[in-house]
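Reader: Please take a close look at a single part of this model, chain C, and then place it in relation to its neighbours.

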Amino acid sequence: MSDKSPKSPFAAPSRRAVLAGGAAALTASLFTPKALRAADYPTAEVNTTGLAVTDDTVTIGILHSITGTMAISETGSVQAEKLAIDQINAQGGILGRKIEYIQEDGASDWPTFAEKAKKLLVNDKVASVMGCWTSASRKAVLPVFEQYNGFLYYPTFYEGLEESPNVIYTGQEATQQIIAGLDWVSETKGAKSFYLLGSDYIWPRTSNKIARKHIENFLDGAKVVGEEYYPLGHTQFNSVINKIRLKKPDVIYAIVVGGSNVAFYKQLTAAGIDPAAEKPIVLTISVTEDEIRGIGGENIEGAYACMKYFQSLENENNVAFVKAFKEMWGEDIVIGDVTQAAYLGPWLWKAAVEKAGSFDVDKVRAATPGIELTSAPEGYVKVHENHHLWSKTRVGRAQADGQYDVVFETADLVEPDPFPEGYQ
Amino acid sequence: MMTNASNRFLSRSELIGFAVLAAIIFIVLPVMLDTFRLNLFGKYLTYAFVAIGLVLCWGAGGILSLGQGVFFGLGGYCMAMFLKLEASTPENTAIQSTPGIPDFMDWNQLTALPVWWEPFKVLPLALLAVVLVPVVFAFIIGVAMFTRRVGGVYFAIITQAFAAILTILIIGQQGYTGGVNGITDLRTLLGWDIRTDEAKEVLYYVNGVLLFVVLFAAQFVRKSKLGRLLIAMRDQEDRVRFSGYNVANFKIFVFCLGAAFAGIGGAMFTLQVGFMSPTLVGIVPSIEMVIFCAVGGRLSILGAVYGALLVNWAKTTFSESFPELWLLGLGGLFIAVVMAFPNGLAGIWAEQIAPRLAKLTKSGGASVPLPDAAKSPAE
Amino acid sequence: MFSDYSMSELGAIFAMQGFAGLILFSVFVLMALGLAIIFGQMGVINMAHGEFMILGAYVTYLMSNFFADYMPALFSMYFFVAMILAFIASGALGLFVEWAMIRHLYKRPLDTLLATWGLSLILQQIYRSVFGAREVGVSIPDWMMGSLPVTDLIEVPINGIFVMVLAVSISLAVYILMFKSVWGRQVRAINQNRVMAGAVGINTEWTDRLTFGIGCGVAGVAGAAFTMIGSTGPTAGQLYIVDTFLVVVFGGAASLLGTIASAFSISQAQSIMEFFLSGSMAKVLTLLTVVGILMIRPQGLFALKLRK
């Protein structure tokens, strides 16, 4: 199939070959239903917009920070995306074409993200991009994707308030992640008073805004007793810990990120507020298994995290995913919520492309709503009209070994609602 | 003859230097590069504005500011505020709870435009602010520091603290500034779409022209009595003071000038890149701007332009091919420039290449060796 | 502001915030001592100071793994071994850097600033290649965790006490080295008059190298101590650099006592303000106050002599 000449027997297959190929496809479909043949999808038809698609390859972009402060967080996403691409290629690729990728480094710098996004779209003509992590990097590349009609799969849970035709949000938006967790802690733990805490930027602030509205308007008799923000990279939390001790809240709702996270939990434990004692309960939406490695399991043991995926999920998909991930990247690796969401990106794109029968962005976009993945490690997911995913929300309890013990999951998929009424 | 030549606004070799740079910026680069790469070089050139200011402050004046990103950012933010207001028409922002204000304000529950944003609705005021805000800021810092004879290392560290303060402020006050995301999604300038390829090319040329305006201004300062006094101050500040000059005022002036240049560069950055964010204000970009200047040659304004182009080009290229090696390369560059080539590219040119060229052509164009920055005390 | 709290709570607030301020003070002292030695005595600006600290933190990380794997019985004591090794590792790297780089740049303080910044970038990349981009978790012996209850409201974290004890002992050690040892006399002699010091037979070159090495070594110990309260990652060192420099400059560069006094006043101011304002604003106000005071009094709190 590597022969690109139009006279190749594969370009104009004999009847017999078609039959055989059809039979092969049929047999294959029983086991790996997505194996399609490039010959059935001539390049001229699946790519009418000049994307980097050849008769046997299609090129996509990976755009994350390899260097700089965000490299810590984004490494997992890159690994997950590469794993998904490898697996898709092993199954025969997309429309019979192997995925090749061009990886660019955003260097934790938003202008660089915009620059590299433009390079990927304009120079490399990539068919889609898996990338970005922080909201700031997404905001920086968004105009580029909209101007050049690119297609971005964005893996991180984020603050919502956005719905771009050129982005698929494979992580949860804020209401999906927050509300279920607050309801849970209120119902099962009877929590009445909450202390909101965050790093000082848009995601924690918007998330806390939604949390505050929900606590004050929807939870019976519950109130917010404090709200506090510290600069990114802040490492001294003794003052806020003292305040928490005085206010005696039932729940510390913490959205601290990055290096601050490590400092916060170490100091919290050292100050005698043991999350395991649940006095107060520590509930976070920003600590995945990745972060626990830096914090140290013993410092956060007993805290609750609310997100859609934990490495310890026991369904078949996830067991296979974790196994494959460890085979590729080493036994020591841990997988967090965002890593799993990043893994969904290539698969969702593959499903959309195959549904559309084309790599063209407009057709893929049109085909995207309603795409379902039954093979997702988190379980069943489905793409909403608003380009976010329907997904379940789960609460996990941190353990000393750095894993979460899943204590709760929503009965149904939670509908994504990036512009929530009543929470603005 | 020599004194005559050095008193002229541009000596013959300098004239050639300017002409070559003009040819590169206005002819060679546009011919060689597609719009995407040209736009990138346009972005690099905005850093050259800062580097030229640093040549005056640091190379000539001996004042090393590690806070030039502050002025670059202030200029850029002034421009971005105007563009953001223009992009935030009630129609474009109909989905918000308060249409007509920038999206990030709406997300932060602001229901009206803050008063201090009002002037940025008018382009002339915004353009004025691009220069004036950094200058006023620099003036305040300059008066406080230089009249108290703070200099050298202390000045460097305090300007660095300013970079840290402004970054924390911008990120913390996100309802007013866009926070860590910065001010994004800028679209039009007086109705003219700045995102199209044609606009990018036009902006590149505007940027080039402005760069030359700044270059000529810097050259004028260098050739004036002020320029010579600055060098005298750098080498022997006390003697200049004892000669009856008010050293502080000269320093304040040149620091403000550097801030104005940086502000213009920042505004052009916003226009060409389409957004402004606090990552361009902080400590790291401020120090990187110093390295542009050091690589080009801290005494040469033309060198500063080449330095900004070269380092940024290397950064883009390296990080495309070997992202993991980029920091090693940049770090090595810092060390190499300081240890081996204190006069940067301009020094290599003046000491190595120019004399050989002169020998080859035998034109006898006596090259004036650059004063050795390394041997002159920097404070 | 105060009306939300009762009198006894207010008392507890001030006690606990005062203590939080003391911990912050110890952190500042540990960060700044190494820099104060290098900057104050040699006039060298070491922008890679944070990376020397992180080297100490990584050494601690390696030792914690080593003890956990091979000598679990002694795990509770590993921290002391780690601190000594951190001192040796950072100190050795400091000696090398001085020999390879700094000694060529003594007359160009602004250039050392750039060169050491370059060094910090290189070190960061090396850490990233060796230990990975992710933060590493350093496990702390159990006896260093938890807190001592003093009253119902007031509790004192043990690792805070440990950091304080460490800060005091290192300050004392540096003081003795500086003012009682031969090396200290030589350093001070060189600082006062390099030519004369050389003329009376002091090996100025070696003294400089040793000074730089000791300064870096102290930074390594600080880094080891910070694994208890902060994060250990390739870029964590940069978080400390502005604070550290301001502490040293604010104190008056050449004065160790000044460094300690300035660390005390900055930390107390910040921790009291943090209680009543948001964390971000407290930080901004603290920095602004320090910069403002430095504008009025550029020589810092304690100046041994005015300018050069």
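Author: The account below starts with chain C, moves to its contact with chain A, and ends with chain B.

This is a predicted model, in which local features need pLDDT of at least 70 and side-chain atom pairs count only at pLDDT 80 or more, while totals for chains, interfaces and linings use all residues. Residues are numbered from 1 along each chain as its sequence is written, and chains are lettered from A and ligands numbered from 1 in the order in which they are written.

Chain C has eleven helices and two strands; helices (H or I, at least four residues) and strands (E, at least two) are DSSP runs numbered from the N terminus. Read from the N terminus, the order of elements is α-α-α-α-β-β-α-α-α-α-α-α-α. The UniProt record, an unreviewed entry, annotates "transmembrane region" at residues 12–40, 52–71, 77–97, 109–127, 158–178, 210–229, 241–263 and 275–296 of chain C. UniProt positions are given in the numbering used here, with feature names shortened, and such annotations may be inferred rather than shown by experiment. Two of these segments can be described further. Residues 77–97 of chain C are 95% helix and 0% strand, with the end C-alpha atoms 31 Å apart. For residues 275–296 of chain C the figures are 91% helix and 0% strand, and the end C-alpha atoms lie 27 Å apart.

As a whole, chain C has a radius of gyration of 20 Å, which agrees with the value near 19 Å for a compact globule of 308 residues. The radius is taken over C-alpha atoms, and the globule rule is 2.2 Å times the number of residues to the power 0.38. Along the principal axes, the C-alpha atoms of chain C fill a box of roughly 65 × 55 × 35 Å. Of the 308 residues in chain C, 58% are buried, that is, 20 or more other C-beta atoms, placed from the backbone, lie within 10 Å of the residue's own. Among contacts in chain C with a separation of 6 or more, 77% join residues 24 or more positions apart; a contact means that two C-beta atoms, placed from the backbone, lie within 7 Å.

Chain C also meets chain A, where 37 residues of chain C are in contact with 35 residues of chain A. On the chain A side, two or more residues each come from H3, strand E7 (223–230), helix H8 (238–247), helix H9 (258–270) and helix H10 (289–295) of chain A. That side of chain A consists of twelve nonpolar, 15 polar and eight charged residues. Here Ala, Val, Leu, Ile, Met, Phe, Trp, Tyr, Cys and Pro count as nonpolar, Asp, Glu, Lys and Arg as charged, and the others, Gly among them, as polar.

Chain B gives a second set of values to read beside those of chain C. There are 16 helices and two strands in chain B. Its radius of gyration of 21 Å is close to the 21 Å that the globule rule gives for 379 residues, so chain B is as compact as a globular protein of that length. The C-alpha trace of chain B spans about 70 × 50 × 40 Å along its principal axes. In chain B, 51% of the 379 residues are buried, and 78% of the contacts with a separation of 6 or more are between residues 24 or more positions apart.

Definitions and conventions
Buried ≥ 20, exposed ≤ 12 C-beta atoms within 10 Å, placed from the backbone.
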